[in-house]
Amino acid sequence: MKILFLGPPGAGKGTQAARVAEHLGLAHVSTGDMFRALSAETDLGRRVLAIMTSGELVPDHITIEMLESRISQPDAASGYILDGFPRTRAQAEALDAFLGDGALDHVVVLEVPDDELVARLMARGRADDTEDSVRVRLGVYARDTAPLIAHYEPRGIIRRVNGVGAIELISEAIIAAIEGGG
Ligand code: AMP
């Protein structure tokens, strides 16, 4: 089973992907977590961390290579949830090519209104959640990532879930959408 979580920054993708992955026995693959784990002692780490702080996207070639090597690991063989990847058309096309016939089963779209997103992002206090970077990240989502919903729509695998409410209830709604196929 291969599932992708799509949604704006602050929608709760990371929290929900971790919970649902645990419930379904899937690997939780977060490109944001992988980038945050890079060491500031290396050139690549310093470059990536600076980009993250700005709110812009890490270049596609770096992101795609890292993601493909991660989902080739043994623990991902029985399935995974992708959290935060793909974020651009080039990443989505690279993933399609990489997966070939073993394509995605579900794309979960977590829906949260804009004003709620900004409030959540300012409240969580992660190092890359400054007012400027939050504004940049919401703009990047609207420009590069939201259009990916249309990329997957013709496949009939989009599962829209309301991302506002109690964490447990949202997880249940996601699992129901996955198990019900819609
Ligand atoms: P996240 O934890 O998913 O919110 O990601 C945090 C930051 O990591 C983003 O703002 C980007 O700078 C970077 N990042 C994470 N995933 C990607 C991706 N798929 N493509 C490019 N940059 C990414």
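In this predicted model, arginine 89 and glutamate 93 both belong to helix 5, which spans residues 89-99, and the two are four residues apart, about one turn of the helix. These two residues form a salt bridge in which the closest N and O atoms are 3.4 Å apart. Both partners count as partly exposed, arginine 89 with a relative accessible area of 44% and glutamate 93 at 42% relative accessibility.

Helix 5 also holds aspartate 96, which forms a salt bridge with arginine 155, the closest N and O atoms here being 2.8 Å apart. Because arginine 155 lies in the loop between helix 8 (148-152) and strand 5 (158-162), whereas aspartate 96 lies in helix 5, this pair ties together parts that are 59 residues apart in sequence. Aspartate 96 has a relative accessible area of 23% and is therefore partly exposed, since the buried class is limited to values under 20%. Arginine 155 is likewise partly exposed, with a relative accessible area of 37%. When residues up to four places away in sequence are not counted, aspartate 96 touches His151 and Tyr152 as well as Arg155.

A further salt bridge joins aspartate 33 to arginine 36, with the closest N and O atoms 3.0 Å apart. The two residues are three residues apart in helix 2, so about one helical turn separates them. Aspartate 33, at 41% relative accessibility, counts as partly exposed, and arginine 36, at 35%, falls in the partly exposed class too. Elsewhere, Glu111, Glu153 and Arg160 are linked in a network of salt bridges, and the count of salt bridges in the model comes to 14.

The nonpolar interior was examined next. The largest nonpolar core has 31 residues, and those with the most contacts inside it are Val29, Tyr80, Leu82, Leu95, Leu104, Val107 and Tyr152. One of these residues, valine 107, is in contact with Leu4, Leu6, Tyr152, Ile157, Ile158 and Arg159, once its neighbours within four places in sequence are left aside. A second core, separate from the largest, consists of 21 residues, among them Ala21, Leu110, Leu138 and Ile174. Tyr152, listed among the residues with the most contacts in the largest core, is also touched by aspartate 96.

Open space at the protein was described in terms of pockets. The largest pocket holds about 880 Å³ of space and is lined by 44 residues, of which Pro9, Lys13, Arg87, Arg124 and Arg126 lie nearest its centre. Two or more residues of this lining come from each of strand 1 (2-6), helix 1 (13-24), strand 2 (27-30), helix 2 (31-36), helix 6 (114-124), helix 7 (131-145) and helix 9 (167-180). The element that gives the most to the lining is helix 2, with five residues, and helix 2 is also where aspartate 33 and arginine 36 are found. By class, the lining of the largest pocket comprises 16 nonpolar, 17 polar and 11 charged residues.

The second largest pocket contains about 160 Å³ of space. Its lining is formed by Pro8, Val109, Leu110, Glu111, Val112, Asp114, Leu117, Leu138, Tyr141, Ala142, Ile149 and Arg160, with strand 4 (106-111), helix 6 and helix 7 each supplying at least two of the lining residues. Nine of the lining residues are nonpolar and three are charged, while no polar residue is present. Leu110 and Leu138, which belong to this lining, are also members of the second nonpolar core, and Glu111 and Arg160, which line the pocket as well, take part in the salt-bridge network with Glu153.

Two local features complete the description. The peptide bond from phenylalanine 85 to proline 86 is cis, with omega near 0 degrees, although most peptide bonds are trans. Proline 86 is located in the loop between strand 3 (80-83) and helix 5. Histidine 61, for its part, is found in helix 4, residues 60-70, and is exposed, with a relative accessible area of 54%. The C-alpha atoms of histidine 61 and leucine 6 are separated by 20 Å, the two residues being 55 residues apart along the chain; leucine 6 is one of the residues in contact with valine 107.

Definitions and conventions: Residues are numbered from 1 along each chain as its sequence is written. This is a predicted model: local features need pLDDT of at least 70, side-chain atom pairs count only at pLDDT 80 or more; totals for chains, interfaces and linings use all residues. Side-chain values use heavy atoms; hydrogens and water are left out. On a 1 Å grid over the protein atoms alone, a cavity is a set of points where a 1.4 Å probe fits but cannot get out, and a pocket is an open set with protein on both sides within 12 Å along at least five of seven lines; lining residues have an atom within 4 Å of a point. Grid points are joined across faces, edges and corners, and a volume is the space filled by probe spheres set on the points. Ala, Val, Leu, Ile, Met, Phe, Trp, Tyr, Cys and Pro count as nonpolar, Asp, Glu, Lys and Arg as charged, and the others, Gly among them, as polar. A nonpolar core is a set of buried Ala, Val, Leu, Ile, Met, Phe, Trp, Tyr and Cys residues joined through side-chain atoms within 4.5 Å. Buried means under 20% relative accessible area, exposed over 50%, partly exposed in between (1.4 Å probe, protein chains only). Contact means heavy atoms within 4.5 Å. A salt bridge is a side-chain nitrogen of Lys or Arg within 4 Å of a carboxyl oxygen of Asp or Glu.
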